[in-house]
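Open the model in the viewer and switch to a cartoon representation. The stops below are given as selections, each followed by what to look for.

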Amino acid sequence: MTYFVIPRRNDEAIAMTQSIRSAKTLTSPQLPPNAYTDAPQQHPNLILGSLQLLFWLVFHPSAWRNHLQRIDPILYNNSSLIILLRQGRWRNLALWRLFIQGFFILPILANLLLGLVLWALGEPIANIAFCVAFGVAFGVAFGVAFGVAFGVAFGVAFGVAFGVALGVVFGVAFGVAFGVVVSVAFRVAFGMVVSVAFNVELGVELGVAVGVAVGVTVGVAVGMVVSVASGMASDVAFGVVVSVAFGVAVGVAVGVPVSVAFGVTIGVGITINSWRPVLSFPFFIVWNYLLNRLEKGRNAKSPCLLRYHSAFWDELQRLHLPHLDEHLLFVIENNPVEGKAALEYLSTSPQRWAAQAAQIKLDARSLQGYADVEAIRKAHRSLVTSELESEISPLLRIFSRISEDVDAALNQASAYNQRLLLRDVADELNLQLQNFVRSSDKYTVRFYPIIKSWREIVTNYIDELAKITELRQEIDSPYIMGNPIALEQEIFTGRDDIGLRIEQLLRDRRRPPLLLYGQRRMGKTSLLNNIGKLLPNSIIPMFIDLQGAPSSASDHAGFLYNLAREMEKSAKKQGVTLPSLAREVLQSDPFTYFYEWLDKVEQALEQNTALLALDEFEVLDNAIAKGRFDEQDVLGMLRHLIQHRPRFKILLAGSHTIEEYQRWASYLINVQVVHISYLKEAEARQLIERPVKDFTLRYEPNAVERVLQLTRCHPFLVQQLCAEIIVLKNEQDPSIRRLATLADVEAAIPEALQGGGFFFGDIQNNQVDATGQAILRFIAVQGEGAIVSRQTLLQQFPDANITFSLLLQRELIEEVDDGYGFQVELIRRWFV
C-alpha cells in the first residue's frame, strides 16, 4: 500500500512518496516494539505478563489468539491433554508458563484485589486474610482439578479455560461467601461461573480466552469471547436464551427470586461486550483526545502516541472514534513509517473508516501536488485503487488511467505522436470534467479542481510541444516502429481490400471461422486494432491479444476471466458496454458460467454482431501443448461459439496456417484464410508522402521511388526507413530540412538496418534454419536485384527443396523465371 505526503513543493512530494514507498524495508527497525500489530510479544515478567494476558482477553482477543499460536499450535487446535503428553509437549516451558499464569497467578491476583476491596470497605484484617487465603486455596485446587479433567475429555485449550474459569471464580466467590456477604456473593459468582462454562464451549480460542480472562473480570470475558466469535447480535441473542433457560431451571429448584437473579447474572455476563463499548466510549473519547493534543505538541516524534489510541487495542469497539482520521493523517505526514504501519493496521480493523478517510485526503493532496506532465505520468505507480477499496476508488481509477495514458504518450519517440496521444488525454479530461459537474457524488467536489488542473497542464504541454517544434522547424515523425498502430493513431493506412474481404466472409451464412495470415510485421495487429474503421457499425470488433493475460493464466477460470475482461475493454472502445464477469464466479464451473455470461453479452449486443479477434493464436496453442489448458475444453469452446452462437464470429490472426497446427484444424472446420501482405503501391506512397494531416516533409519523386524499391511496400520497413529519413533531415540546416532527396534516402539505409535489427534478427534466428540462412546469404551477395538460377542453387545446396518452399512461404524470396531472388531489397542488404 502506498501513501501520499504533499509538502510545499512537488519535487519534495515525489521524494517523500518514494521514501514512504520504500519504507517497507525500514519499517521493522524504526517501529516501536509491539505497536500497530495483533501479535505483540508478552511481557517477560510473570505478574505483568499475566495482567497483559488479561488485557488482551478483555480488549484485544486477536493478540491472545496469536499468543496461543506462538506458544504451541496444539493450544490453537484444541488437542487433548493425552495427545499433549504423548507428544512430549509438556516440555514446552512457554506452555507451563501459560498454565502457571492461568491456574495460579491470576487467581492469586484476583483474590489480592478482593482483599484490597474488602480493606477499603473497612473489613477487619483477620477476616480479609482468611477470605484471601481460602479463596486462593479453593480456586487453585478447584481450577487444576477441573482443568485436567476437561483437558483430557475435551482438549487442552478447553481444559485450561474451564479450569481457570471455575478455579478463579469459585475461589473469589467462596472467599467472599465465607468472609462477608455469603448468600448474595455466592449467587452472583455461581451465576457468572455457569455463564463462563457455557460460553467456553463455543470454540477453541474462545474457551481459552474466557478461561484466563474470567479470573479477574468474571462474566466480562464471556461476552467478549462470544462477540468475537459471532458478532454483537449473536452475543445478545445467546445471552437472552441462556438467561431464560437457566433462570427457569433454577426457578424450579430454588424459587423464583433466585432464578431471576441467576438468569440476569448469566445474561449480563454473556452480553457485556454488547454494552461495555458504549459505556466506555465517553472515557475513550477523552483519552484519545488527550493523546491527539499531546501528539501535536510532540510533532509526532517517534515513538508516536498514536499507538496508545484505543483503536489499536480495543478491537471490540464498533462505534466510530472521533478525530481518529485526523490523528492518523497527522502522524502519516510527520512520521511516515509509523503512519504507514498504523494505516495498514486500521485498514482491516473496525475503525477502517478512519483509514479510508485518511487515504482519501492523502490521495487528494497527492493528486493536487502533481504540477507537470512528468509528475502526472508517474501518478499511476503510486495510486492505491484496490488494496483499500473505498467510496473514491472509482475516482482514483479515473486518475490512474489518465496517468497511464499520459505515460504512454510521453513514451512515444516523436513529438508528433506525443501530441497526438496527449490530445486524446485532453479529450478524456474534458469528458470527465463534464461528468464531475453532473455528478451528485460528494467527493467529486473535492476532486473537480484536481482534474481541471490536470487538463490545463496537459493542454499547456501540448501547446509547448507545438511551439518548440515550430521554433526549431523540426519535422514531426508520425511513424510507429515496434508497436502496433493503435485505434486513435492517425497513421493507419489502407487495407480497404482486406476489410471488404473480411466483411464479405462475416456475412456468409455458413459462419466460417477466419484466419488473418501474414508474415511478422506485416501489420496484422495494427489491422485488428483499426478494423472497426473498415467494417460497418453493426460489427463490434473485440480484440484479444493472446500474448497477454489470457494465455498466461494458470487455469481455465483465469483464461476465461481474462478473455472476458479483454472483450469488455475492447467493446468499450467501440461504444458498447458489456456486463462484467467476476473471477470468483468461474472457480467452480468455469465454462458453464462463461456461457451464461455470453448470454448476457448477446443481450447487450442487441442487433449487432461481435467479431472475436484472437491475435497470436500460436501462443494459446503453446499453452495448450504445455498442459495449462485442456485442448477439448478451450478449442471446443471456440467451436461452440462458431456453431451455436451466430452473433459471434471468430477471427484468428497469426504467422502460421491452420494446417501447421493440426489440433486447431480438427476443431475449426472450413477456415477461410485472409492473406495480409505488402501494402498496395498507392497506400505505400500515402504512407511516405502524406502519413498524417499537415505533414511538413516533402519528397523528390525519385526519392519516393527509391523508398518503394527498397521496401517493396512492406509496412514496417516503409515506416522504419521514413523515420530514419526524418531523423537525418532534422540534423540538417533548416533551409534544406523539409525536402527529402535521393541522397537522403541512401544515407538513411544504414540507420534503418540498424534500427530494425530486431525485425531482421527475427527472420534470421526464428524463421529460417541454418540451410535457409546459407541460401539467403548466397543470393544476397550476388547484388541488388540479382536472380540466381535454381540449378545453381541446387548445386550449392542439394536436397534443399523443402527449404526453398519455406523461404517462399515466408515471403523472403520469390521465383522469377527459373531462378530465385529477394523480395525486399532491405532484407537482402541485411544478409550481405
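Select residues 631-644, helix α28, in this predicted model. Helix α28 lies across β3 and β4, and runs at about 135° to β4.

Next, show the sheet to which these strands belong. Five strands form an open sheet in the order β2-β3-β4-β1-β5, and the pairing is parallel. Select 539-545 for β2 and 672-675 for β5: these two stand at the edges. Each has a single partner strand, so one side of β2 and one side of β5 have no neighbour in the sheet. From one strand to the next, the twist averages 25°.

Add residues 609-615, strand β3, to the view of β2. Seven bridges join β2 and β3 in the parallel sense. Within this pair, pick phenylalanine 543 and find alanine 613 of β3 opposite.

Now select 496-506, helix α21, which packs on the sheet. Helix α21 touches β1 (514-517), β2, β3, β4 (648-654) and β5. The direction of α21 makes about 170° with that of β5.

Leave the sheet and select residues 46-59 (helix α3) together with 61-71 (helix α4). Their axes come within 6 Å and cross at roughly 125°. The two helices are therefore oblique to each other. Show side chains for Leu53, Trp56, Leu57 and Phe59 on α3, then for Pro61, Ala63, Trp64 and His67 on α4; these residues make the contact. Coloured by class, the contact of α3 with α4 divides into seven nonpolar residues, one polar and no charged.

Definitions and conventions
Residues numbered from 1 in each chain as written. Predicted model: local features only at pLDDT ≥ 70, side-chain atom pairs only at ≥ 80, totals over all residues. Heavy atoms only, no water. Pairing = 2+ DSSP bridges. Helix = DSSP H or I, 4+ residues; strand = E, 2+ residues; numbered from the N terminus. Axes fitted to C-alpha atoms, helices over the stretch in contact; angles between N-to-C directions. Contact = heavy atoms within 4.5 Å. Parallel < 35°, antiparallel > 145°, perpendicular 65-115°, else oblique. Nonpolar A, V, L, I, M, F, W, Y, C, P; charged D, E, K, R; others polar.
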